[in-house]
Amino acid sequence: MTYTVISNCQDCRFTDCVEVCPVDCFYGDERMLYIHPDECIDCGACEPACPVEAIFPEADVPEEEEAWIQINKDKCLEELDSLENVTEKVDPLPTAEEKKSRLGL
Ligand code: SF4
Ligand code: SF4
């Protein structure tokens, strides 16, 4: 199993999650982060750290977000060279607060 990042992260990129990950397995593009499925050790530390509830254990991803399980895998296994390993908190995207409100969070 692994944890996965769903669409709530898109246009937020708060990056609180990377601060608590013991194995630095978050990778990002300009819109969001993804979890590397082979590096994640399923510790669960990141799930409560995300201010927009974007992180779930693979088995608990809401049905309408299940496509993101494969997207996290494809991004980290096939396109890792195009992603940045994000290990320190950085400023969220300018759209983050608006997206958070839209999510009702
Ligand atoms: S804390 Fe949540 S919104 Fe922020 S980068 Fe991590 S998964 Fe995305
Ligand atoms: S579950 Fe643990 S190892 Fe996996 S991404 Fe979250 S903090 Fe990192």
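Here is a quick tour of the core, the two ligand sites and one cysteine in this structure. It's a predicted model, where local features need pLDDT of at least 70, side-chain atom pairs count only at pLDDT 80 or more, and totals for chains, interfaces and linings use all residues. Residues are numbered from 1 along each chain as its sequence is written.

**The core**
- The largest nonpolar core (buried Ala, Val, Leu, Ile, Met, Phe, Trp, Tyr and Cys residues joined through side-chain atoms within 4.5 Å) has 30 residues.
- Val5, Phe26, Ile35 and Ile55 have the most contacts inside this core.
- Among the elements giving it two or more residues are strand S1 (3-5) and helix H2 (67-78); strands are DSSP runs of E, at least two residues, and helices runs of H or I, at least four.
- Leaving out residues up to four places away in sequence, Phe26 touches (heavy atoms within 4.5 Å) residues including Val5, Ile35 and Ile55.

**The ligands**
- Around ligand 1 there are 14 residues (a heavy atom within 4 Å), and the closest are Cys9, Phe14, Thr15, Cys17 and Cys50.
- The residues around ligand 2 include Tyr3, Cys25, Phe26 and Ile35.

**Cys25**
- You'll find Cys25 in the loop between H1 and S2.
- Cys25 is buried (under 20% relative accessible area, 1.4 Å probe, protein chains only), with a relative accessible area of 2%.
- Not counting residues up to four places away in sequence, Cys25 touches Tyr34, Ile35, His36, Glu39 and Cys40.
- Cys25 and Glu66 are 41 residues apart in sequence and 20 Å apart in space, C-alpha to C-alpha.

Terms used
Chains are lettered from A and ligands numbered from 1 in the order in which they are written. Side-chain values use heavy atoms; hydrogens and water are left out. Buried means under 20% relative accessible area, exposed over 50%, partly exposed in between (1.4 Å probe, protein chains only).
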